[in-house]
Amino acid sequence: HPAPAGMRVALHVTADRMAGHNLHVTTKGFRWAPQRASGAHRAGEGHAHLYVDGKKQARLYGAWYHLGDLAKGRHTIRVTLNGNDHGDYVRDGRAVGASRTVTVR
């Protein structure tokens, strides 16, 4: 789906005090619409897909997510913005997304 010019996403990752990591996804020009997931596309709304090291882990229906323990080493965490029908929002041939690398010791 063509991403509107103002659509943006940022990903913030912090270690949780007990275990795992807390993800905070901030968006502009995008409406979370979990009630319409897997339905017809509506421009500017949808959900996000979460990937860890290139493997899809979950759908995100809102701004916060707790990611459980990861194995020791470096990991790339990525989110993409997706329409209700799961299609990526795309700009300049690339999915609208954000990535962060975390190292677990």
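**Sheet.** I began with strand pairing in this predicted model. I found an open sheet of 3 strands, ordered β1-β2-β6, with antiparallel pairing. I noted β1 (8–15) and β6 (64–67) as the edge strands, each pairing on one side only. From one strand to the next, I recorded an average twist of 20°.

**Pairing of β2 with β6.** I then looked at how strand β2, residues 21–28, is joined to β6: there are 4 bridges, and the two strands run antiparallel. Within this pairing, I located His 21 opposite Leu 67 of β6.

**Nonpolar core.** I turned to the largest nonpolar core and recorded 22 residues in it. Leu 50, Val 79 and Leu 81 have the most contacts inside this core. I next asked which strands each supply at least two residues of the core. I listed β1, β2, β4 (45–52), β5 (55–60), β7 (73–82) and β10 (97–104).

**Leu 50.** I took up Leu 50 and set aside its neighbours within four places in sequence. Among the remaining contacts of Leu 50 I noted Leu 23, Ala 58, Leu 60, Tyr 65, Leu 67, Ile 77 and Val 79. The list for Leu 50 also includes Lys 55, Lys 56, Gln 57 and Arg 78.

**Asn 84.** I looked up Asn 84 and placed it in the loop between β7 and β8 (90–91). Is Asn 84 buried or exposed? I entered Asn 84 as buried, because its relative accessible area is 0%, and the cut-off for burial is under 20%. I then examined the polar surroundings of this side chain and found one of its polar atoms 3.1 Å from the backbone oxygen of Ala 40. Not counting residues up to four places away in sequence, Asn 84 touches Ala 33, Arg 36, Ala 37, Ser 38, Gly 39, Ala 40, His 41 and Arg 42. I added Glu 45, Gly 46 and His 47, which Asn 84 also touches.

**Whole chain.** I closed with the chain as a whole, for which I recorded 10 strands and 0 helices. I noted the span of the C-alpha trace along its principal axes as about 40 × 30 × 20 Å. I compared the radius of gyration, 14 Å, with the value near 13 Å for a compact globule of 105 residues, and the two agree. I entered 33% of the 105 residues as buried. Of the contacts with a separation of 6 or more, I attributed 58% to residues 24 or more positions apart.

Definitions and conventions
Residues numbered from 1 in each chain as written. Predicted model: local features only at pLDDT ≥ 70, side-chain atom pairs only at ≥ 80, totals over all residues. Heavy atoms only, no water. Pairing = 2+ DSSP bridges. Axes fitted to C-alpha atoms, helices over the stretch in contact; angles between N-to-C directions. Core = buried A, V, L, I, M, F, W, Y, C linked by side-chain atoms within 4.5 Å. Buried < 20%, exposed > 50% of the residue type's maximum accessible area, 1.4 Å probe, protein only. Contact = heavy atoms within 4.5 Å. Polar contact = N/O pair within 3.5 Å; in protein donor to acceptor, adjacent residues only side chain to side chain. Rg over C-alpha atoms; globule rule 2.2 N^0.38 Å.
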